[in-house]
Amino acid sequence: MQQQNNRPGNLQNNLNQNQSSQFMLDYKKLLFDLLRFWWLFAITVPLALGIVFAIHRYSSPVYRASMSMLMEERGNENSRENMMEGFGLTPGQRNLDNQIAVLTSRDIIRKTIDQLDFHISYFAAGRVKNTEIYANPGFLVKIDSSATQILNVPIYLTVLNEQQFELSVKTEGFNTIQYSNETTQGNGSIIDFQETFNFGELIETPWLRVVIENKGIKSSPDKAYFFQFNNPESLTARYSSVLSAQKAGENSSIVNISVTGHNHQKNVTFLNKLSETFIDANLAKKNQIATNTINFIEEQLIIISDSLSQKGTELSSFRTEHQIQSISSEAEHLFTQIQELNTRISEKRLTYNYYDYLDQYFSAENVLNKGLAPASYNIDNPIISNQISKILELNNERLTLEGQSNPYKKELDKQIMVARNTLMEAINNQKSIIDESISRLENEKRSITRQLYRLPEKERRLLGIERQFDLNSEVYTFLLRKRSEAQIQKASNTSDHSVLEKPRFTGTVYPKTTSNNQKALFAGIILPLIFIVLRQLLNNKITSVDEIEKLTSAPVIGHIMHSHKGVTNVVAGHPRSIITETFRRVRTRLEYLTANKETPVISVSSSMPGEGKTFCALNLAAVFAYSGKKTVLIGYDMRKPGLNKILNLDDYEGLSQYYIGKVSLDNIIHNTEQENLFVIPSGAVPPNPSELISSAKTDELFEELHRRFDVIILDTPPMGVVADPVLLARKSDTLIFLARQNYTIREAFSDTLGHLGIEGIKNVGILFNDIQVKRGKKGIKYGYGYGYGYGYGYGYGYGHGYYEEQ
């Protein structure tokens, strides 16, 4: 029978094999724990859902409004070769990414805020949360923009009747603002203000100057409203942070714009005004070039108009004074040549004036601090045209980075300055060429003029006046036509952008009711589940037979339930009890394991104190005695003699006296109240129990006991504490190793069994003790459903004393 688990290395192999499984989940046990702790789920799920409901009920929701805009990238419809053409935006201005940057820039947002009534916010005061009212709060606050107004402090208004209301303010330290120049100032004083006013009455304090008008609000003494003044810069910063603009696709010119806030009507209003401001800014940018061109033409018209008027007066006076109305053909030919030269000279000078204008425009020191839109004129120098286009494009790209700390902005500044220097050098060179051309034409004009001097003086003078008058008239007419064309072009300009989808409410950003309820349900389920899993993973105590079977291959010979009998020797006190029956089953297994032994020696031990060794040893001895076998129970735990305390044998002589030769064997064998059951107590506590047990006296004792008794049961110390039980186990035929439910530590249990294998201890049987049971409608439930045993033991523990009923 000893072939079962008799290999010395078996228990050590079990130790190595099961080390990795000590922290694995027991899914069967987990299922029973889920059923056992069902009430946790009944608490956490409603609690989580209740918390989410409270958050939804009392938190201020955040809404989203969205719209779509079409940002077309139009090319120039006309060539810049023509003087009045090319009013379209440069490629940099038409770039979609740049336009998105312009749309979301603080400048556009600030212009939008300034056109809205967001400087005052109206609220309905609640017990837990305040609700912002927009569009029609029922009353209107008219402010004096030149007066000082208190910032970001609630000003409470309670309507007493249709004519009167109560105003109250309470704060410690505040800021004020004067909206006309947007100057702010801090004030550390305390305000505790409460007063009754009439609607339409001027309210004037050092920190407030307003008139409040009734716009249909009813008397509600129990309902309070409040309003507060906002800083435009703070509003700009807030809307800048919640505004989003993204392209609908990689190659799409459609931009989706959205904004979030606590009032969805306010969100829609903001997007409407933002799109309007953005479109107007784009159109104004396009018209700026046309406007500058018109201004340039009008400056030239003023000069030509004065000259035309002067020559017209001079021509009329000359004809009247000299009574001459026409000239000869030769004079006509010469004056025609002079007229053509004058025309060419005028064109050159007009071009020179335009270059001079460009020189002054681009040489200004603040060229990098403004949007560039110079007047357009027909020039035949590609270098100058290209440099102007390059500067405009770089400047527009730079303006999109305005207000940002971007290293690329410095790089753009360098590129603009290089392009400007190149442009200025080209302009100066071109002006020198024009000067030379004008000088050449003037010389040619003087040569023809000398020929005129050979004609009659009156005819020559009349011809000169007429030609100058005609020239001024033609230039004046030309400029008038071009101005009209520029004005028509400006009037026909349209923005590159348009609203594709009007702003609309597109949902709630916070709280997400459905999502939060799902998360709450998940949390209500997962939290107790985590608790149950961690409870199992962090619990290092043995709770079931399955765990024992995972930790060792040694057989489980019995299961002892927790006892409520109140006595130590349950077998003797309650011979017909279920617990006694479990010990009878253990006795049957032990008789099977020790069948070839005439007088078997059975050791009872465990890995640690407090696991019920003494109780189980006593009841095993009692059940063997009931079967008619003469049984002796020896208290070999001489360090903590628990058997002495249980059987009241503290004052009796025992093993320690026998080992030192003070008494004989007969003097330490004591009868009990139960027939066939004898006890050898531990005696006085010796200083060297291990030396006594390892002496020859132990062999002599066992030889004598084999002659006198049928069964010898040894109550030994815990194996995980001292070496005594290992010495005794070597002299035993069978070792009963205890594990107590929810008490025995897995590591200690497994390590001790591993060491037994190393020591060569064979024929080990596991006894599972103190199984907790519950009674249900269908009978007894044993622990987690493992085993069938019915018992429990009283014993002692090192430092724990006796077991007490649980």
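This report describes two sheets, the helices packed on them, several salt bridges and one nonpolar surface patch in a predicted model.

## The four-stranded sheet

Strands β12, β13, β1 and β14 form an open sheet, in the order β12-β13-β1-β14, with antiparallel pairing. The edges are taken by β12 (243-247) and β14 (497-510); each has a single partner strand, so one side of each has no neighbour in the sheet. Averaged over neighbouring strands and with direction ignored, the turn of one strand against the next is 20°.

At the β12 edge, five bridges join β12 to strand β13 (residues 254-261) in the antiparallel sense. Within this pairing, Ser244 faces Ser258 of β13.

Helix α5 (residues 96-103) lies across this sheet and meets β1 (62-71), β12, β13 and β14. The direction of helix α5 is at about 170° to that of β12.

## The eight-stranded sheet

Eight strands make a second open sheet, ordered β15-β22-β21-β16-β20-β17-β19-β18, and here the pairing is mixed. The edge strands are β15 (556-561) and β18 (670-671); each pairs with a single strand, so one side of each is left without a neighbour in the sheet.

At one edge, β18 is joined to strand β19 (residues 677-680) by two bridges in the antiparallel sense. His670 has Val679 of β19 as its bridge partner.

Two helices that pack on this sheet are α17 and α22. Helix α17 touches β16 (601-606), β17, β19, β20 (711-715), β21 (734-740) and β22 (764-771), and its direction makes about 170° with that of β20. Helix α22 touches β16, β17, β19 and β20, at about 140° to the direction of β20.

At the other edge, β15 pairs with β22 in the parallel sense over four bridges. Gly558 has Leu767 of β22 as its bridge partner. Strand β22 also runs parallel to β21, with six bridges between the two; there Arg740 stands opposite Asn769 of β22. Strand β22 is mostly covered, and eight of its eight residues are buried.

In general, strands of a sheet are held in pairs by backbone hydrogen bonds, in a parallel or an antiparallel arrangement.

## Salt bridges

The whole structure holds 28 salt bridges. Three of them are listed here with the distance between N and O atoms.

| Basic residue | Acidic residue | N to O distance |
|---|---|---|
| Arg349 | Glu442 | 3.1 Å |
| Lys629 | Glu591 | 3.6 Å |
| Arg708 | Asp666 | 2.4 Å |

Arg349 forms its salt bridge with Glu442. Arg349 belongs to helix α9 (residues 329-362) and Glu442 to helix α11 (residues 407-452), so the pair ties together parts of the chain that are 93 residues apart in sequence. Arg349 has a relative accessible area of 44% and is therefore partly exposed.

Glu591 and Lys629 meet through their side chains. Glu591 is in helix α16 (residues 578-593), while Lys629 is in the loop between α17 (613-626) and β17 (631-635), and the two are 38 residues apart. Both residues are partly exposed: the relative accessible area is 29% for Glu591 and 30% for Lys629.

Arg708 forms its salt bridge with Asp666. Arg708 lies in helix α22 (residues 696-708) and Asp666 in helix α20 (residues 665-668), so parts that are 42 residues apart in sequence are tied together. Arg708 is partly exposed, because its relative accessibility is 27%. Elsewhere, Arg106, Arg110, Asp114, Glu182 and Glu233 are joined into one network by salt bridges that share partners.

## The nonpolar surface patch

Leu47, Ile51, Ile55 and Tyr510 make a nonpolar surface patch of about 370 Å². Helix α3 (residues 38-58) gives the most to this patch, with three residues. Ile51 is located in helix α3. With a relative accessibility of 46%, Ile51 falls between the 20% and 50% cut-offs and so counts as partly exposed.

Key. Residues are numbered from 1 along each chain as its sequence is written. This is a predicted model: local features need pLDDT of at least 70, side-chain atom pairs count only at pLDDT 80 or more; totals for chains, interfaces and linings use all residues. Side-chain values use heavy atoms; hydrogens and water are left out. Patches are made of residues with over 30% relative accessible area and no salt bridge: like charges are joined within 9 Å, nonpolar side chains (Val, Leu, Ile, Met, Phe, Trp, Tyr) within 5 Å. Accessible areas come from the Shrake-Rupley method with a 1.4 Å probe; for residues, only the protein chains shown count as cover. A salt bridge is a side-chain nitrogen of Lys or Arg within 4 Å of a carboxyl oxygen of Asp or Glu. Buried means under 20% relative accessible area, exposed over 50%, partly exposed in between (1.4 Å probe, protein chains only). Two strands pair if DSSP finds at least two bridges between them. Axes are lines fitted to C-alpha atoms, for helices over the stretch in contact, and angles run from 0 to 180 degrees between N-to-C directions. Contact means heavy atoms within 4.5 Å.
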